[in-house]
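Got the viewer open? Let's walk along the place where two chains meet, one selection at a time.

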Amino acid sequence: MEGGVAPADLKNVMREYYDELIAFVSSEPFKSLVEEMYLLPETSRPEFVNEKIVNLDFLSSIGVDVPDGILIQRSSFGDRRPTLFVVKKFLPEEYQVAWENVNLTFDQSQDKKGIAKDISAWRKPVPYALQAALQALEISPEELE
Amino acid sequence: MSYTIDPEALKSETDEVLDALTSSVFIDKMVEFKAKKGVERSLFAMSNMTPSQLRKAGAEIPDHMRVSSRMFEDDSSTIDFIDYEYGKEIVQKLKVKRPDLWEKLEVNHPSLVTPLIELEKYTLPDEDTPLGIPLDETGKPLIDANSDDLPFDPYAAWACGCGGAATACAGAGGGS
């Protein structure tokens, strides 16, 4: 493998980084916050994400201590998966030969038939703000055609 | 839908994803993907980086795994590779065709409206910045993956195992 990193070593590092992400999302009070989001109707979740989950001031106010190197962000996929937010960590630079980061992505429930698995998954993603609004309205872009 | 974060389930899911992500075939494809730029990267992604193509190359890709482009907030390196024009078109259609829904958004979800107004004002820095792949009404791409004139550019590659609400992913490219 290029860069002199053996696949087994890369796997070990990625495993270690996934474990850090799992430990964080499983820790209180972040765990309860995420579970509270999933009790809401899907239409209310994008606002909850904006106002609470990616809001570091809010997280701090309820006692969530986000470890150094862990990022909580919104994103959008080319395959149009209805995603909400992601908890992500970059691998050490020397291991970024193939993959650069690992993450846990939190989604809406999804009709998997509507998510591209062919080359159209390589479309440009839509702006995540639009994705959030469409989720809140329970409408797809195709329904506006 | 309720969801309980289960560390053991996440560990199990990430174990499965890791087996695929760190297979020598997938690693080699990712190294090749990252070495390419622009249209060359597009061609490579579409010709080599769907789950079925990766399986044909010998990678063991679980049925529920997806490989896709992706963008993140706060990532200036991917800002030009978001489909802003399509996004602006959808906002316009929402306002014109479904003013009831636009009003609903303003009344019930005001914090989601401001970014859409910003989106409407956004001007692409380069008018020639390509858009996404055009699809026919069945969702089939209208562009030949081997064409020299692809209308879009790839940004980053992402592979995700999809279990429940939480999904394990790994990504690279586009500086994300």
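Start with the whole contact: select 76 residues from chain A and 91 residues from chain B. Bear in mind as you look that this is a predicted model. Together the two chains bury about 7100 Å² between them, and carbon and sulfur atoms give 63% of that. Now pick out A:Trp99, A:Trp122 and A:Lys124: this trio supplies 15% of the area that chain A buries against chain B, more than any other three residues.

Next, go for the charges. The rule finds four salt bridges across the interface of chain A and chain B. To see one of them, show B:Lys34 and A:Glu100 as sticks; their closest N and O atoms sit 3.0 Å apart. Switch on polar contacts too, and the count between the chains is 25 residue pairs, both residues at pLDDT 80 or more.

Colour chain A by secondary structure now. On its side that touches chain B, at least two residues each come from H1 (7-25), H2 (30-39), H3 (45-53), S2 (75-77), S3 (83-90), S4 (101-107) and H5 (128-137). Which element gives the largest share? That's H1(A), with nine residues. Recolour that side of chain A by residue type and you get 39 nonpolar, 14 polar and 23 charged.

Last stop: select S2(A) together with strand S2 of chain B, residues 70-72. These two strands pair across the chains in the antiparallel sense, over three bridges. Zoom in on A:Ser75, whose bridge partner in S2(B) is B:Phe72.

Note on methods
Residues are numbered from 1 along each chain as its sequence is written. Chains are lettered from A and ligands numbered from 1 in the order in which they are written. This is a predicted model: local features need pLDDT of at least 70, side-chain atom pairs count only at pLDDT 80 or more; totals for chains, interfaces and linings use all residues. Side-chain values use heavy atoms; hydrogens and water are left out. Contact means heavy atoms within 4.5 Å. Buried area is the accessible area (1.4 Å probe) that two parts lose on being put together, summed over both. A salt bridge is a side-chain nitrogen of Lys or Arg within 4 Å of a carboxyl oxygen of Asp or Glu. A polar contact is a pair of N or O atoms within 3.5 Å; within protein, one must be able to donate a hydrogen and the other to accept it, and residues adjacent in sequence count only if both atoms are side-chain atoms. Helices (H or I, at least four residues) and strands (E, at least two) are DSSP runs, numbered from the N terminus. Ala, Val, Leu, Ile, Met, Phe, Trp, Tyr, Cys and Pro count as nonpolar, Asp, Glu, Lys and Arg as charged, and the others, Gly among them, as polar. Two strands pair if DSSP finds at least two bridges between them.
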